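This briefing walks through one protein model, beginning with a single loop position and then widening to the whole chain. Please keep the structure in view while reading.

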Amino acid sequence: MPARKSKRMKTALAIRHVPFEDLGAFEPALSRRGYAIRYAEAGEPLLDERQEDIVFVLGGPISANDEARYPFLKAELALIERRLKRGAATVGICLGAQLLARALGARVYPGNATEIGLFPIQLTPKGRDSCLSPFARDPLVMHWHGDTFDLPRGAAQLASTEITANQAFAFGPNTIGLQFHPEIQPARFERWLVGHAHELEHGGVDVCALRTAMLKNGPALEEKATRMLDIWLDQLDVVPTR
């Protein structure tokens, strides 16, 4: 009797720029769907990502235009460009979304104001029909950014806020950029408050109020993040990624 061929485990690579800005609520959702997860830390050599089913490019407190001071960004941009060329599944969050926009030829620049806190997003018609549909009834999300970007040519705008026109975009079926942070978990939120203490103080953000708002809304935020990722992964199940 011939031996059964073992099914290859699906994999997800997350490029992490600071230790506490990780996959958060996305991590258990990915594990439940059978994805093996590995992290690549900022500045470390990036391995060949062609075997990765999904690549997440996470947030961080630097600019997507900062490759002169942080040369590792060149390698990240090159990785993103390779995946875009192949149509491989890629998610950018905050800094990651800005890098996606840059790789697609769009401009990244300082926004009109720093956007930190829980504020609602407004979904476009395409956004309501996308994986962001869980935010249609409850549009509250966590924001934590100062830079923004123009909508890349050929991309579909999915969401905006009064401060930031481009909060989310899709480029084809397998690439999505999210300026906001759906992945933040209340159980890990204190690490964000400590890690970004200087930015919060400089921006005049009330840390206690922000913590209280996160504790109150955190479970709903996690649920929406999980539903969003499940919808996106279901889409990938029927769309070739290689």
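**A loop residue and its setting**

Cysteine 94 lies in the loop that runs between strand E4 (89-93) and helix H3 (95-103). The model is a predicted one, and the points below take up the backbone and burial of this cysteine, then two further residues, and finally the protein as a whole.

**Cysteine 94**

- Although cysteine 94 is not a glycine, its phi is positive, at about 55°.
- The relative accessibility of cysteine 94 is 5%, and because buried means under 20% relative accessible area, this loop residue counts as buried.

**Asparagine 166**

- Asparagine 166 also has its place in a loop, here the one between strand E8 (156-160) and strand E9 (168-171).
- With a relative accessibility of 10%, asparagine 166 counts as buried.
- A polar contact of 3.3 Å joins the side chain of asparagine 166 to the side chain of glutamine 157.
- Leaving aside residues up to four places away in sequence, asparagine 166 touches Phe149, Asp150, Leu151, Gln157, Ala159 and Gln179, so that glutamine 157, the partner in the polar contact, appears in this list as well.

**Aspartate 230**

- Aspartate 230 belongs to helix H7, which covers residues 207-237.
- The relative accessible area of aspartate 230 is 17%, and the residue is therefore buried, the limit being under 20%.
- When residues up to four places away in sequence are not counted, aspartate 230 touches Arg32 and Arg33.

**Overall fold and dimensions**

- Seven helices and 10 strands make up the secondary structure of the protein.
- The radius of gyration is 17 Å, close to the 18 Å that the globule rule gives for 242 residues, so the protein is as compact as a globular protein of that length.
- Measured out along the principal axes of the protein, the C-alpha trace spans about 70 × 40 × 35 Å.

**Burial, contacts and surface**

- Of the 242 residues in the protein, 51% are buried.
- Among contacts with a separation of 6 or more, 74% are between residues 24 or more positions apart.
- The protein exposes about 11,700 Å², of which carbon and sulfur atoms supply 54%.

**Charge**

- The protein carries 29 positive and 29 negative side chains, and the centres of these two sets lie 8 Å apart.

Methods. Residues are numbered from 1 along each chain as its sequence is written. This is a predicted model: local features need pLDDT of at least 70, side-chain atom pairs count only at pLDDT 80 or more; totals for chains, interfaces and linings use all residues. Side-chain values use heavy atoms; hydrogens and water are left out. Helices (H or I, at least four residues) and strands (E, at least two) are DSSP runs, numbered from the N terminus. The radius of gyration is taken over C-alpha atoms; the globule rule is 2.2 Å times the number of residues to the power 0.38. Buried means under 20% relative accessible area, exposed over 50%, partly exposed in between (1.4 Å probe, protein chains only). Contact means heavy atoms within 4.5 Å. Accessible areas come from the Shrake-Rupley method with a 1.4 Å probe; for residues, only the protein chains shown count as cover. Lys and Arg count as positive and Asp and Glu as negative; His and the chain ends are not counted. The place of a charge is taken as NZ of Lys, CZ of Arg, CG of Asp or CD of Glu. A polar contact is a pair of N or O atoms within 3.5 Å; within protein, one must be able to donate a hydrogen and the other to accept it, and residues adjacent in sequence count only if both atoms are side-chain atoms.
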